[in-house]
Amino acid sequence: MNRICLIKNEILEYHWGSERFIPELLGNKPHNRPQAEMWMGAHKKAPSMVVIDNRLIPLNRLIEEHPDDILGKSVSENYLREMPFLFKVLSASKPLSIQAHPDKGQARAGFKRENINLIPLDADNRNYRDDNHKPELICALTDMWALKGFREPEEIIRLFEPLERICGKGFTNILKVKPDESGINAFFMGLMDMEKYKAAGFVNDALEVIQPLRSKDNAYEWMCRLNVEYPGDTGVLSPLYLNVLKLTPGEAIFLPARELHAYLSGSGLEIMANSDNVLRGGLTQKHIDKEELSNILSFAPDKPQVITGDSMGLETFYNTPSEEFILSVINLPEEDSAYKKEGERGIEIMLCTEGKATITDIFDSNSLDIKKGNSILIPAAVKGYTIEGRATIYKASVP
């Protein structure tokens with residue numbers, strides 16, 4: 001299998017998705033249903049379908065039949081004939097749940113433990129659906145808002161200060177006594193352990209207090225917006241203890257294992273290790289395992305670093321510590337722009353987000369025209385190719 005092919009991808013409809021962005025990207029009419037994610041990869045939940053001679057063949061099946069040709073020999077060997085990453089378009093019109101993902105050791109132990117306890121893989125109370133970690137990167141295609149990592153203790157104290165008249169001056173004492181990871185841990189778990197009716201009352205009282213402050217700090221503004229979707233949920237308080245940040249198109253953030261985060265609004269490209277392990281911490285009706293969340297979380301305060309990419313010619317790379325994936329974007333500014341790639345490489349999946357171009361196999365001259373919304377598979381067995389045209393093309397690959 002050594003051909004460059006178009007792929008067709010499944011679109012997942014979650015309640016938080018946008019009705020417009022993904023259809024417009026693909027050149028379709030807007031739906032009256034939320035289209036949240038488009039998956040590009042070989043995950044068994046929603047594998048991409050590879051177009052070969054007018055047939056649609058699941059990518060995971062092609063990898064099973066031709067692992068070295070599709071993945072590349074070293075990738076096939078290192079990842080046991082499995083595709084190491086999953087590439088997504090994500091579009092949120094409502095906030096996603098607050099969540100974190102385990103590291104490799106935690107995932108292996110948790111998966112084994114839940115198997116021993118005979119918890120079905122599709123059970124609502126299942127935390128570990130596989131034994132892999134899930135570092136991820138998201139790159140904005142529109143303005144995006146997100147929560148990422150715990151704030152510094154002094155910031156948390158400052159933002160909770162206006163609430164002292166309803167919660168008491170001792171509410172943040174643990175952070176004043178222990179302005180470190182242990183203090184953040186105790187403070188966060190104290191919020192998580194509040195009884196549901198008390199939490200709802202506290203959130204409602206807090207919203208009354210911070211109404212006049214909405215324009216002074218976006219943490220208070222986001223509290224009000226979150227309460228519209230999840231009234232009374234303790235996660236409504238999360239902008240006060242998690243960093244709030246805005247990404248503009250082309251900016252990205254890396255989310256390592258064990259870091260609490262949430263996407264609040266906007267559309268982007270997400271790439272991650274091929275895992276479905278999620279532990280939630282609020283803004284959801286789904287299962288929350290507070291004890292296990294506490295076990296896997298890092299409570300180290302974080303100053304979010306926005307990644308703008310490192311340019312090499314026509315390609316800009318969003319470098320991360322991940323061994324499973326790297327995202328890059330190929331910008332072809334003029335009609336006669338040309339990008340060339342030769343040599344040993346692993347599997348690549350590309351998505352054209354603007355313009356149109358022609359991709360040609362250097363060695364057999366087969367070519368494929370692509371335009372905005374098209375996605376393609378370039379197997380490792382393709383030894384070289386050129387892309388010519390005027391387009392913006394995002395590429396997911398293995399470092």
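The legends below accompany one overall view and several close-up views of a predicted protein model.

In this predicted model, local features need pLDDT of at least 70 and side-chain atom pairs count only at pLDDT 80 or more, while totals for chains, interfaces and linings use all residues. Residues are numbered from 1 along each chain as its sequence is written, and side-chain values use heavy atoms, with hydrogens and water left out.

**Figure 1. The whole protein, with its twelve helices and 21 strands.**
Helices (H or I, at least four residues) and strands (E, at least two) are DSSP runs, numbered from the N terminus. The C-alpha trace spans about 75 × 50 × 40 Å along its principal axes. A compact globule of 399 residues would have a radius of gyration near 21 Å, and the 22 Å of the protein agrees with this; the radius is taken over C-alpha atoms, and the globule rule is 2.2 Å times the number of residues to the power 0.38. Of the 399 residues, 55% are buried, where buried means under 20% relative accessible area, exposed means over 50%, and partly exposed lies in between (1.4 Å probe, protein chains only). If contacts (heavy atoms within 4.5 Å) are taken between residues at least 6 apart in sequence, 74% of them join residues at least 24 apart.

**Figure 2. Two buried cysteines, in a structure with zero disulfides.**
A disulfide is a covalent bond between the sulfur atoms of two cysteines, and here the term is applied to a pair of cysteine sulfur atoms within 2.5 Å. A search of the whole structure finds zero such pairs. Why does cysteine 5 have no bond to cysteine 352? The sulfur of cysteine 352 is the closest cysteine sulfur to that of cysteine 5, but the two are 17 Å apart, which is too far for a bond. Cysteine 5 is buried, with a relative accessible area of 2%, and cysteine 224 is buried as well, with a value of 8%.

**Figure 3. Helix α6 and the helices that help to cover it.**
Helix α6 runs over residues 153-160 and is mostly covered, since six of its eight residues are buried. The buried residues are Pro153, Glu155, Ile156, Ile157, Leu159 and Phe160. Which helices are included in what covers them? Among them are α7 (164-167), α8 (173-177), α9 (181-192) and α11 (218-229).

**Figure 4. Glutamate 181 in helix α9, beside residues from another part of the sequence.**
Glutamate 181 has 44% relative accessibility and counts as partly exposed. When residues up to four places away in sequence are not counted, glutamate 181 touches Phe299, Ala300 and Pro301. Glutamate 181 and proline 301 are 120 residues apart in sequence, yet their C-alpha atoms are 7.2 Å apart in space.

**Figure 5. Leucine 255, a buried residue of strand β11.**
Strand β11 covers residues 252-255, and leucine 255 has a relative accessibility of 1%. Apart from residues up to four places away in sequence, leucine 255 touches Pro135, Glu136, Lys148, His261 and Tyr263. Although leucine 255 and leucine 137 are separated by 118 residues in sequence, the distance between their C-alpha atoms is 5.9 Å.

**Figure 6. Asparagine 60 in helix α2 and its contacts.**
Helix α2 is made of residues 59-65, and within this helix asparagine 60 is partly exposed, with a relative accessible area of 22%. With its neighbours within four places in sequence left aside, asparagine 60 is in contact with Ala42, Lys44 and Pro47. Alanine 46 is 14 residues away from asparagine 60 along the chain, and their C-alpha atoms are separated by 9.6 Å.

**Figure 7. Asparagine 54 and arginine 81, two residues with positive phi.**
Most residues other than glycine have a negative phi. Asparagine 54, however, has a phi near 65 degrees, and arginine 81 has a positive phi of about 65 degrees although it is not a glycine. Where in the chain is asparagine 54 found? Asparagine 54 is in the loop between β4 (49-52) and β5 (55-58), and at 80% relative accessibility it counts as exposed. Arginine 81 lies in the loop between α4 (73-78) and β6 (85-92), where it is exposed, with a relative accessible area of 53%.
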